[in-house]
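Work through the exercises below with the sequence and the 3D view at hand. Each task is followed by its solution in steps.

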Amino acid sequence: MGKFFAVVLVLVAVLSAYPIIGNYFPLPEDISTHGHLIDSQLHDTMLEAGVAFIGAQLVLAYFLFAFTGRKSDAPLKNFPGGAKLMVIAAFLLVGTEVLALGAFGQKAWATVYFTAPKADALQIQSQAEQFAFYFRYPGPDGKFGAIHPDKIDEGNQNYFGLDPANDVDARDDIVSGELVVPVNREVNLMLHAKDFGHSFYVRELRIQQDFVPGLDLAVHFTATKVGKYEIVCTQLCGLGHYNMKAYLNVKSQDDYDKWLKEQSQ
Amino acid sequence: MHETSVEPVHVHAPPQGFWRKHVFSLDHKVIGKQYYALALVAVFTGMFLSWLMRIHMVWPDAKIHGLELLSKNGAPGGVMTPEYYLSLLTMHGTLMVFFVLTNAPFAAFGNYFLPIQIGAEDMAFPRFNMMSFWTTFLAWFVLMLAFVIPDGPPIAGWTEYTPLSAVGRDAGPGMQWGASLWGISIAIFCIASLLGALNFIATTLDLRAKGMTLMRMPLCTWAWFITSCIALLAFAVLLPACILLILDRHAGTSFFIPGGLVASDRLQPHSGGSPLLWQHLFWFFGHPEVYIAILPSMGIVSHILINSMRKPLLSAKVVIYSMMSIGFLSYMVWGHHMFVSGMNPLSSLTFSFPTLTITIPATILTLIWLGSLYGARIQLTSASLFAIGFISMFVSGGISGFFLAQPSLDIYLHGTYFVVGHFHMVMGVASLFGVFAGTYFWFPKMTGRYMNETIGKLHFWITFIGTYLIFMPMHYLGLIGNVRRYQSFVDDYMSPYLWLHKDMTVAALITGAAQFLFLYNVIYSRFKGAPAPENPWNCTSLEWSIPSPPPWNNFGDRHPIVYHDPYQYGVKGSQGDFVMQDSPEQIIASGD
Amino acid sequence: MQMKPAVITGFALLAASAVALAGPSGGTVTGKVTYEGTPAKMKPIDMSKEPSCAKMYTTPPMAETVVTGASNSLENVVVYVSAGIPDDAAPSTAATFTQKGCRYIPHLLAFQVNQELKIINDDQTSHNIHPLPKINREWNKSQPPGTPPIVEKYDKPEFIPVKCNVHPWMHGTFAVLKNSHYAVTGDGGSFSLANLPPGKYTITAWHESYGDQSQDVTISGTESKTITFVFKAKPY
């Protein structure tokens with residue numbers, strides 16, 4: 001049975017690694033400016049993890065193959081180096097590699113979180129609610145009207161609770177169910193939660209950020225390719241969580257300007 | 001052969017009468033079995049829930065006949081509603097993490113064997129011990145009530161993030177009484193766990209037999225001891241968190257709810273609270289909790305491994321110190337569940353480093369287990385198969401943690417099936433393998449009978465291969481961004497991968513069915529299993545020096561004296577290639 | 001001769017019973033509901049988050065909170081007898097509310113206390129219907145596609161806003177009324193309340209955005225009385 005176990009372990013190692021090595025589950029295309037940092041970090045981590053995983057399973061397989069089914073008087077041996085070697089190996093090999101990866105991995109994190117958006121980034125506000133995302137553009141006056149939770153009237157499509165009767169800034173605000181942005185232009189997306197925790201996740205943008213009720217959060221990004229991409233909610237927010245999504249619609253600058261003009265009418 | 005010291009110390013009187021013997025027993029062994037029985041009920045319930053979830057995920061519009069009997073509102077005409085899926089998901093997680101993974105490896109086996117392995121007659125506080133089991137049972141009962149109330153169980157996941165879990169019924173179905181029952185149940189569970197942890201710690205420190213120094217305790221005893229230290233601090237934080245949640249829900253407080261929230265078209269009458277506060281409190285408990293789930297299995301597996309390979313580990317001391325460092329570091333990493341939660345991004349980096357550092361003791365343990373197998377005489381029994389399988393699973397599950405420990409990668413992988421695959425492999429499989437191994441190993445001691453080895457081995461092979469088939473694909477799905485906690489996958493990008501979910505469901509159903517082999521084996525062998533001698537595995541620790549099953553006071557009227565550590569294998573002993581801990585004989589190396 | 005008074009009485013009785021048995025009788029109140037001022041402009045509904053519904057429309061449908069027609073007519077106004085007539089037993093037929101194309105059809109459903117309400121999901125997606133009453137019992141129910149209709153009833157009269165928990169733009173109203181004398185204005189804004197026995201009635205018109213108005217009408221026989229309701233529109 002020990003030999004059989006060894007064979008099973010080899011199969012486990014090989015069959016688990018195969019979809020990765022064969023790239024059968026490829027990352028979606030990267031349409032962001034910082035995504036390559038995440039992708040290369042993922043690639044390096046996968047390489048190290050792969051070596052560790054396959055190595056450990058194969059070593060286990062070999063030891064099972066060699067040291068099961070032995071006679072009761074077969075000599076016992078100790079691994080040369082003993083526990084000391086294992087501790088050193090753990091600290092040196094694993095410790096340094098792991099911490100090094102962690103240290104170098106900061107770059108991607110820093111690019112997303114420690115760099116402020118440029119002063120001329122396009123300001124768009126996003127509201128997450130059970131179970132949709134809505135996006136608000138400030139309109140020609142460049143100002144966002146105030147949000148009044150008590151004025152929310154969804155049947156009338158006033159999702160943000162704007163008060164155009166009394167609030168001049170709100171009159172030209174544009175509310176859309178799609179996040180429409182121009183290509184190659186930095187966007188600063190402000191995140192407002194209407195009711196519960198939600199999260200903004202666009203795979204192709206390599207961006208994920210929770211909406212937290214009561215907190216003013218924001219993410220900034222630059223989309224580098226025209227197209228339609230899915231925004232999905234990744235923070236459990238109630239029964240409709242699975243169906244909470246919107247589309248990121250990246251347009252050329254001209255098409256974006258045209259769209260913006262149409263919304264203002 | 002077994003030497004004793006003078007005056008035996010009686011912790012409690014011998015049990016009289018049916019109720020005292022079998023129900024409200026003060027005997028740690030009965031209490032251990034009661035915890036185990038509760039864990040068995042919980043694990044089969046949890047598994048059944050996971051079957052329903054997996055079937056619904058791949059066939060969302062299917063009529064599951066009979067489901068409407070379980071919940072008229074949750075499954076009209078047998079078709080599961082989206083909220084009922086989330087109810088099942090919440091109950092699955094809650095049952096498995098609390099009532100299985102904290103109960104079985106820790107409370108069940110720890111209660112049964114810790115006092116015996118240190119040479120004591122019982123736990124330090126037998127009455128507390130009985131209370132801790134029945135309080136756990138009460139917690140389980142309160143939780144299960146959520147299934148029978150009209151609105152059903154809560155839908156916010158076992159993590160019950162606020163404000164979804166705090167505002168009450170406006171959050172959705174099940175969030176009125178269902179969520180309150182959850183909060184009350186877990187608060188009661190915390191009290192039970194605190195009582196249990198106190199007992200373990202006091203017993204280990206005070207009731208060790210003569211000669212049983214701390215360093216001579218078996219590795220599983222060490223694991224239970226370290227786990228109870230972790231549990232004491234962790235549950236002490238979850239308890240007030242649950243109380244604050246209950247206050248928010250029923251007393252109008254706003255610990256976790258900020259102002260201006262509109263749900264169900266109603267402005268919520270709260271202000272000033274912080275949703276992140278709940279996450280910090282919960283994960284300050286939640287991360288140590290996952291180590292509470294795995295450490296006892298690490299100890300049990302080490303103990304069984306040594307016995308079945310007839311050779312000590314390369315260094316028991318290093319294993320002990322590694323387990324201690326894992327316990328210590330487990331308190332510094334909770335923020336890795338919150339990298340993209342909106343907390344200060346600098347905090348995320350700060351949490352990342354201890355998380356990566358925990359890899360070091362985890363690697364030390366793995367290398368020592370692996371390295372010890374070299375040159376051994378490994379005997380494959382059902383117990384040792386699961387112990388060795390644990391190593392494979394721990395490697396697989398632990399390595400995916402390495403990805404998630406890095407905030408930059410977590411930006412992409414958070415909230416995806418990559419996380420689900422990771423924690424199922426380490427908790428749902430590896431930790432459970434420790435429980436299986438312990439069951440096969442200690443069953444002869446607890447009942448005086450062997451479990452059937454053929455069925456046991458079949459159970460192992462189906463489970464080992466099956467769990468790889470279920471949980472390894474989850475990592476691939478995570479890489480393409482498959483979001484978790486979705487009742488079905490309606491997004492465009494998921495359509496090319498639905499076939500993989502179908503395969504996983506089939507694997508889950510088959511692997512789950514195999515667990516009934518285990519259940520049958522346990523029940524049948526209890527009554528009809530082949531009789532087992534006192535020490536069927538030729539093991540060195542003290543539990544193998546007493547009859548099977550043990551008398552109510554473990555060692556009878558004697559108080560054992562310990563002369564050796566429990567790793568004397570591969571030596572020329574009077575009984576074979578080992579020397580028991582309480583045997584005064586000198587250790588003679590076997591000369592090779 | 002002696003027979004004549006008896007014959008005349010007999011004929012009179014016959015005539016009276018013929019009239020009584022001949023079918024509907026009583027007075028009728030008819031009219032139109034209009035608005036003055038500038039109503040808010042209805043915006044097209046953005047259904048991009050639910051492609052299975054969005055694809056059913058060539059041009060996006062408009063929101064229905066204020067639906068106007070020719071000559072300033074106002075749709076979706078419930079006109080009913082709020083005082084002057086006893087309550088009616090609920091009819092045996094059900095009132096049907098359909099979810100189709102991720103909208104509620106009709107936008108406003110008027111029915112009676114204790115009348116069976118049947119809710120149908122005719123879409124490919126799950127809906128979760130959540131009426132928000134203040135005095136009736138509140139409930140919400142998910143309805144996956146292909147599941148049987150939801151059957152409910154309300155035991156108190158109330159105007160109940162209805163929303164879908166899954167699709168935020170879906171809003172409607174249940175008008176639960178005490179008697180059978182009601183109408184909902186359609187295109188053109190007209191209504192007709194028939195079979196009113198002689199008496200003094202208060203007729204109330206209710207609109208979800210513009211509130212309600214009442215007028216008193218007296219019916220003495222089988223005449224038809226005409227009244228109008230004019231609501232003040234708001235631009236926002």
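**Exercise 1. Domains of chain A**

Task: State how far apart the C-alpha centres of domain 1 of chain A and domain 2 of chain A lie, and describe the contact between these domains.

Solution. The model is a predicted one. Step 1: the distance between the C-alpha centres of domain 1 of chain A and domain 2 of chain A is 38 Å. Step 2: nine residues from domain 1 of chain A and ten residues from domain 2 of chain A make up the contact. Step 3: on the side of domain 1 of chain A that touches domain 2 of chain A, three residues are nonpolar, four are polar and two are charged. Step 4: to find the domains in the sequence, use the assigned bounds, which are 2-68 + 80-113 for domain 1 of chain A and 122-264 for domain 2 of chain A.

**Exercise 2. Domains of chain C**

Task: Find the bounds of the domains of chain C, then say which strand gives the largest share of the side of domain 1 of chain C that touches domain 2 of chain C.

Solution. Step 1: the assignment places 25-49 + 65-83 + 181-236 in domain 1 of chain C and 86-180 in domain 2 of chain C. Step 2: their centres, taken over C-alpha atoms, are separated by 21 Å. Step 3: the contact draws eleven residues from domain 1 of chain C and eleven residues from domain 2 of chain C. Step 4: on the domain 1 side, strand 2 (78-83) and strand 12 of chain C supply at least two residues each. Step 5: strand 2 of chain C gives the largest share, three residues. Step 6: this side divides into eight nonpolar residues, two polar and one charged.

**Exercise 3. A sheet in chain C**

Task: Give the strand order of the open sheet of four strands in chain C, and explain why strand 12 and strand 15 of chain C each have one side without a neighbour in the sheet.

Solution. Step 1: the order is 12-2-14-15, and the pairing is antiparallel. Step 2: strand 12 (182-184) and strand 15 (211-219) of chain C are at the edges with a single partner strand each, so one side of each has no neighbour in the sheet. Step 3: from one strand to the next, the twist averages 25°. Step 4: strand 14 (residues 199-207) of chain C is joined to strand 15 of chain C by nine bridges. Step 5: for Lys200(C), the bridge partner in strand 15 of chain C is Thr218(C).

Methods
Residues are numbered from 1 along each chain as its sequence is written. Chains are lettered from A and ligands numbered from 1 in the order in which they are written. This is a predicted model: local features need pLDDT of at least 70, side-chain atom pairs count only at pLDDT 80 or more; totals for chains, interfaces and linings use all residues. Domain bounds come from an automatic or database domain assignment. Two residues are in contact if their C-beta atoms, placed from the backbone, lie within 7 Å. Ala, Val, Leu, Ile, Met, Phe, Trp, Tyr, Cys and Pro count as nonpolar, Asp, Glu, Lys and Arg as charged, and the others, Gly among them, as polar. Two strands pair if DSSP finds at least two bridges between them. Axes are lines fitted to C-alpha atoms, for helices over the stretch in contact, and angles run from 0 to 180 degrees between N-to-C directions.
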